[in-house]
Amino acid sequence: MNYIENKRFYDVSGVTNEEITNCLNTLGPVRAGIRYRAYTSWYFGYLIRYTFKNNLVYINTFWSKVNLTVSFDLPRWVGTSDTPLELRNKITTYIKNITTHEQGHADIAKQYAKKIEESFKLISPRDNLNSIAFDLKTKISELLTEHLVKQRAYDSETEHGHTQGAQWQ
């Protein structure tokens, strides 16, 4: 598996809880018209190589790879020493916890990238390219559906990071 990670940050500052909350609520990433305080997205790409031998088509598992790109949109504290120490500690802890939660999404995506790559080995040879390609597409589609279910379950189980301390009040 090839893994690429991108991190984008938006700057958070303020000297009061309200100012920091305003930054979190107005500067975070927007996806499908919804503003988030942090967001992780992923893209699975595939490079499939085939081998033809004895009138059969095989997936060449040595050269076939999954390419996973994970992109994080995260808050970054850029406040000053004018911010009370207790509030600075609160926001840095929040950012650490929300980053941990978002990393959990990346870990799930990595797990499924590996599962997809392993599935290449499970596709038996076929007598034509269309047949093996269809089987592979079907298996990848099943795993991607399973992946989305796992991502949603993770958000549900962690209450979108709240159980991991990613709550800002």
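This is a guided tour of a predicted model, one selection at a time.

**Stop 1: the whole chain**

Start with everything shown as a cartoon. You should find three helices and seven strands, and from the N terminus the elements run β-α-β-β-β-β-β-β-α-α. The radius of gyration is 21 Å, well over the 15 Å that the globule rule gives for 169 residues, so the chain is more spread out than a compact globule. Line the view up with the principal axes and the C-alpha atoms fill a box of roughly 75 × 25 × 25 Å.

Now switch on a surface. The chain exposes about 9900 Å², with carbon and sulfur atoms supplying 52% of that area. Of the 169 residues, 35% count as buried. If you draw the contacts between residues at least 6 apart in sequence, 72% of them join residues at least 24 apart.

**Stop 2: the core**

Hide the surface and select Val 12, Ile 20, Leu 24, Phe 44, Ile 91 and Tyr 94. These are the residues with the most contacts inside the largest nonpolar core, which has 35 residues. Colour by element next: β1 (2-12), α1 (17-27), β6, β7, α2 (85-122) and α3 (129-157) each supply at least two residues of this core. Which element gives the largest share? That is α2, with twelve residues.

**Stop 3: Trp 77**

Move to strand β7 (residues 65-77) and select Trp 77. Its relative accessibility is 19%, and because buried means under 20%, Trp 77 falls on the buried side of the cut-off. Show what surrounds this side chain: beyond its neighbours within four places in sequence, Trp 77 is in contact with Val 12, Ser 13, Gly 14, Ile 20, Thr 83, Arg 88, Ile 91, Thr 92 and Ile 95. Of these, you have already picked Val 12, Ile 20 and Ile 91 in the core selection. Add Tyr 10 and draw a C-alpha to C-alpha distance: Trp 77 and Tyr 10 are 8.6 Å apart in space and 67 residues apart in sequence.

**Stop 4: Tyr 94 and the other aromatic pairs**

Tyr 94, another of the core residues, is worth a close view. Setting aside residues up to four places away in sequence, Tyr 94 touches Leu 24, Arg 37, Gly 165, Ala 166, Gln 167 and Trp 168.

A search of the whole structure finds three aromatic pairs, and two of them are on this tour. For one, select Tyr 36 and Tyr 39: the pair is tilted, at 5.0 Å centre to centre with 55 degrees between the planes. Tyr 36 is partly exposed at 29% relative accessibility, and Tyr 39 is partly exposed at 24%.

Then return to Tyr 94 and add Trp 168. Their ring centres are 5.8 Å apart and their planes lie at 65 degrees, so this pair is edge-to-face. It links distant parts of the chain, with Tyr 94 in helix α2 and Trp 168 in the segment after α3, 74 residues apart. Are these two residues buried or exposed? Both Tyr 94 and Trp 168 are buried.

**Stop 5: Ile 108**

Stay in helix α2 and select Ile 108. At 8% relative accessibility, Ile 108 counts as buried. Not counting residues up to four places away in sequence, Ile 108 touches His 147, Lys 150, Gln 151 and Tyr 154. For a sense of scale, draw a line from Ile 108 to Trp 168: these residues are 60 apart along the chain, and their C-alpha atoms are separated by 25 Å.

**Stop 6: a hairpin**

Select residues 50-53 and 56-59. These are strands β5 and β6, which pair in the antiparallel sense over four bridges. Where does Thr 51 find its bridge partner? In β6, at Tyr 58. The two strands form a hairpin with two residues between them, and Asn 54 in the turn has a positive phi of about 55 degrees.

**Stop 7: two more positive phi values**

Most residues other than glycine have a negative phi. With that in mind, select Ala 32, in the loop between β2 (30-31) and β3 (34-35). Ala 32 has a positive phi of about 55 degrees although it is not a glycine, and it counts as exposed at 85% relative accessibility.

Finish at His 160, in the segment after α3. Phi of His 160 is also positive, near 55 degrees, and this residue is exposed, with a relative accessible area of 55%.

Key
Residues are numbered from 1 along each chain as its sequence is written. This is a predicted model: local features need pLDDT of at least 70, side-chain atom pairs count only at pLDDT 80 or more; totals for chains, interfaces and linings use all residues. Side-chain values use heavy atoms; hydrogens and water are left out. Two strands pair if DSSP finds at least two bridges between them. Buried means under 20% relative accessible area, exposed over 50%, partly exposed in between (1.4 Å probe, protein chains only). Contact means heavy atoms within 4.5 Å. A nonpolar core is a set of buried Ala, Val, Leu, Ile, Met, Phe, Trp, Tyr and Cys residues joined through side-chain atoms within 4.5 Å. The radius of gyration is taken over C-alpha atoms; the globule rule is 2.2 Å times the number of residues to the power 0.38. Accessible areas come from the Shrake-Rupley method with a 1.4 Å probe; for residues, only the protein chains shown count as cover. Rings of Phe, Tyr and Trp (its six-membered ring) pair if their centres lie within 6.5 Å; planes under 30 degrees apart count as stacked, over 60 as edge-to-face and the rest as tilted.
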